[in-house]
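Student: I have a structure open in front of me, and I would like to learn how to read its features one at a time. Could you take me through some of them slowly?

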Amino acid sequence: MSKLQANISGIIKSSVIDGPGNRIVIFFQECNLNCMYCHNSHTIGLCNLCGTCVDTCPTNSLKIDSENKRIIHNKNSCTRCDECIKVCPENSSPFYKQMSVEDIISEILEVKDFISGITVSGGEVMLHAPFLSLLFQEIKSHSGLKHLSILIDSNGNIEQKKWDSLLPLIDGVMLDIKAYSAKTHKQITGYSNEKILKSIEYLNDKNKLKELRFVLTPNYNNDESELREIAKIMKSVSPNVGKTLIKMRNHGIRKEFSFLREASNEEMNFAKDIFGQADIDILVI
Amino acid sequence: MEEIKNRVLQVLTDGNLDYRQKKHHLAYIAESTQDYPDISKEAGEALNEKIICDLFEGTAPYRPRYVLPDYAYALKNGVNYLELEPPTNFDEAINFLSILYIQVPSITGYSVYLGNIDTLLLNYVGDLSEDEIYKKMKLFWRFIDRTLPDAFVHINIGPEDNVIARVILRIERELKQVVPNLTLKYDPEITSDELLLEASKTVFEVAKPHIANHKMTAADFKGEYGVVSCYNSLPVGGGSHTLIRLNLKKITDLHSGDAESFISGTLKKYCKMTLDVIEARSKYLVESVKYYDTDFLAKEGIISLDNFSAMFGFYGLAECVNQLMKRSGKELIYGKDEEANQLAHLILEEMKKIVDAREVPYCKGNNGKAFFHAQSGIDIDIEETAGARIPIGIEPDIYSHINTVAPHHHLFNGGISDIFHFDETVKRNPAAILDIIKGAFRKGMRMFTFNLSNGEFIRITGYLVRRSDLKEFREEGSRYGSALFAANSMDNANVDNRISKRVISNEQVAGKY
Ligand code: SF4
Ligand code: SF4
């Protein structure tokens, strides 16, 4: 098997919210957007071994292993206080691990009798397209695993051609649309959304768009014209694509973004009505 | 005599009991004037100290604990005693069963088994539309709840997908009644995914049905089986004379050595004693009371002594194992640590061997042996965890949970149940539940249910109570016998804090007076 490795920030072996059925979810480290309301901001960056967390840890549970360029984490003394994550200047964490395709396959094998499929999530998983391609091929050629469905949870901020090698292997992609106007998108995520809009169109054409989600963020993407444009995009894709309107929750977001406010019921209903007027069947959560 | 008078007066004047409940308790007091069936002094002491627990069955058994009438036989042949001709259509069949249910005895005074109802009624559907069936069944369901108010009253559906099973699940979701408790017999080769999905959605609403591994359970019985009361599996046309359970925690407290000497000494001794009590009670019922010679169900072939056996139950496995581990200097815990799980398994296998090695009279229903049963607990169990369950609050993640308990489920031909807990979010994705159910059965589980946090129904040890009934009972008494049981359980076992819910029994109530 290939020596290719990926940085994995976590694996959830039973999730009921990452696609149909019970699923194993593999979270990849590193993202190419930086959303203000990110609830897992420690999965955005890569560790540069600066040592800030090592010095901060109140239980001395972290050590730099400079030879292998990684951080050693003592699980027994760690109290899960998450101080290390809060102080990391890189939006990273000392906890993610390098794993091979083989390592991940063995994790899936452990739970294969209980799941409908696997979902890869992030961070941004499409930054690891070659690794994913190998992983998915391995799953599809494994007699005990090939029945599992494969879903990608992506932000869509990736060149079109990166999708091509993966599409034949997967069942679908779940994608967020953070804003329509490039300016608003940049405010929310730090980047513009051209590639994302293209990804939506492309995946829809290829019949691989599974779900399109919109996170309502008051004062940013909740004015009427913005919502009508989002509705247009939602309307432009197949009716089979699941659509979800998500209320931005502000627990777990970074301190510097604590000014973000959750939408009121009126604001949620306002958005819901606009999607309703466009005749879009949307799930609100 | 003075003492009896006082107990009777206490029942008569208890404003929380209705007329029928009072009668039940008065009968219990009357029964308690009789000598206990012939057992050794040592066994008598163990009973007194609740090391061996007869679940308040009373001192002079005059009816079997669990009766599973062969309703199919009765429907086909009619019942002379009740002057009932075989029914010829759906209405007559429901009417027939409604009358018969009231006449079936059990330890609680209410029938604990109402049949594999979809299979029974399918013969009478004729050209009724689904809507007509729905209307009739809804009235039938209301009748059952109002006349048999005890959550041990249990009805079965499946394994085939059929219109009646589906209608019942729909009615369950609409009526949200405590009674009857419900089990779906599930076989991946027979039951459709759609029916299982309907069942899962129903569990979200009313914390039932329980899901039974049909193939595995059916293989343990010569004829048909039913799931009754607190998830006991027993032969149809028969049942169980008695259920005596051994308190594994208490015998571990009494034991003063390591795990090995526990298994070869203390455990063996008390298993034997438990079997002695089972034998004495069974004999009393058969030989002194002559129940099976005199009851109309037996006389008319709706039940037969040959289909009866008795049940050997236990509880408190978790406490037993944890304590034995501690004594050997290891802080290892059942449900968490492999070594502790292995010890648990060893203890269960040893018990099963002991039970299987003992011929018990009048147990032809299980080839002359008692059924082995992981007893799911009652309200007085303050320090002991039900059966072989992992204690409330320390249940590990779903897979570890299944991997811990599944390896021993095959041992329990008399039934076992585990409860898995899910967050409310699963409601949006019921397919996930199907995955888990199928996975759990693939791993060899026999029976389980699952609970959602914040559901309206509360499962406690063996059965179901409505949250509002509990509150009401504490304030003013409840129509359901089981609510008292539940109230006690909730008070005793911090079940309120438990991630979920479950029902209990009415059986012990009388022992309070
Ligand atoms: S979470 Fe653990 S490693 Fe991180 S700072 Fe706290 S104790 Fe240290
Ligand atoms: S995890 Fe963050 S704080 Fe810790 S060494 Fe790496 S970059 Fe620095």
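**Reading a helix, a sheet and some side chains**

Tutor: Let us begin with a helix and its buried residues, keeping in mind that this is a predicted model. In helix 17 of chain B, the buried residues are Ile398(B), Tyr399(B), His401(B), Ile402(B), Thr404(B), Val405(B), Ala406(B), His408(B) and His409(B).

Student: What does that say about how helix 17 of chain B sits in the structure?

Tutor: Buried means under 20% relative accessible area. Nine of the 12 residues of helix 17 of chain B fall in that class, so this helix is largely enclosed by the rest of the structure.

Student: How does the span of helix 17 of chain B agree with its 12 residues?

Tutor: The expected span is 1.5 Å times one less than the number of residues. For helix 17 of chain B, which covers residues 398-409, that gives 16 Å, and the end C-alpha atoms are indeed 16 Å apart, so the two values agree.

Student: Which residue caps the N-terminal end of helix 17 of chain B?

Tutor: The cap is Asp397(B), which has a side-chain oxygen 3.0 Å from the backbone nitrogen of Tyr399(B).

Student: Next, the strands: in what order do the six strands of the open sheet in chain B lie?

Tutor: The order is 3-4-5-6-13-12, with mixed pairing. At the edges are strand 3 (113-116) and strand 12 (418-422) of chain B, each of which pairs on one side only. From one strand to the next, the twist averages 25 degrees.

Student: How many bridges join strand 12 to strand 13 of chain B?

Tutor: Five bridges join them, and the two strands run parallel. Within this pairing, Asp418(B) stands opposite Phe448(B) of strand 13 of chain B.

Student: How should I read a pair of aromatic rings?

Tutor: Such a pair is described by the distance of the centres and the angle of the planes. Over all chains, the structure holds 22 aromatic pairs. One of them joins Phe372(B) and Phe412(B), which are stacked at 4.8 Å centre to centre with 25 degrees between the planes. Because Phe372(B) lies in strand 11 (residues 371-374) of chain B and Phe412(B) in the loop between helix 17 and strand 12 of chain B, the pair ties together parts that are 40 residues apart in sequence.

Student: Are Phe372(B) and Phe412(B) buried or exposed?

Tutor: Both Phe372(B) and Phe412(B) are buried. Elsewhere in chain B, ring pairs link Tyr71(B), Tyr101(B), Tyr113(B), Phe140(B) and Trp141(B) into a cluster.

Student: Which residues lie over the faces of Tyr134(B) and Tyr225(B)?

Tutor: Arg170(B) lies over the face of Tyr134(B), 3.7 Å from the ring centre, while Lys185(B) lies over the face of Tyr225(B), 4.1 Å from the ring centre.

Student: Where is Glu57(B) found?

Tutor: Glu57(B) is in the loop between strand 1 (52-53) and strand 2 (66-68) of chain B. With a relative accessible area of 2%, Glu57(B) is buried. Glu57(B) and Ile107(B) are 50 residues apart in sequence, and their C-alpha atoms are 6.5 Å apart in space.

Student: And in chain A, where is Thr119(A) found?

Tutor: Thr119(A) belongs to strand 6 (residues 117-121) of chain A, and at 0% relative accessibility it counts as buried. A polar atom of the Thr119(A) side chain lies 2.7 Å from the backbone oxygen of Asp18(A).

Note on methods
Residues numbered from 1 in each chain as written. Chains lettered and ligands numbered in written order. Predicted model: local features only at pLDDT ≥ 70, side-chain atom pairs only at ≥ 80, totals over all residues. Heavy atoms only, no water. Helix = DSSP H or I, 4+ residues; strand = E, 2+ residues; numbered from the N terminus. Buried < 20%, exposed > 50% of the residue type's maximum accessible area, 1.4 Å probe, protein only. Polar contact = N/O pair within 3.5 Å; in protein donor to acceptor, adjacent residues only side chain to side chain. Pairing = 2+ DSSP bridges. Axes fitted to C-alpha atoms, helices over the stretch in contact; angles between N-to-C directions. Phe/Tyr/Trp six-rings, centres within 6.5 Å; stacked < 30°, edge-to-face > 60°. Lys NZ or Arg CZ within 6 Å of the ring centre and 35° of its normal.
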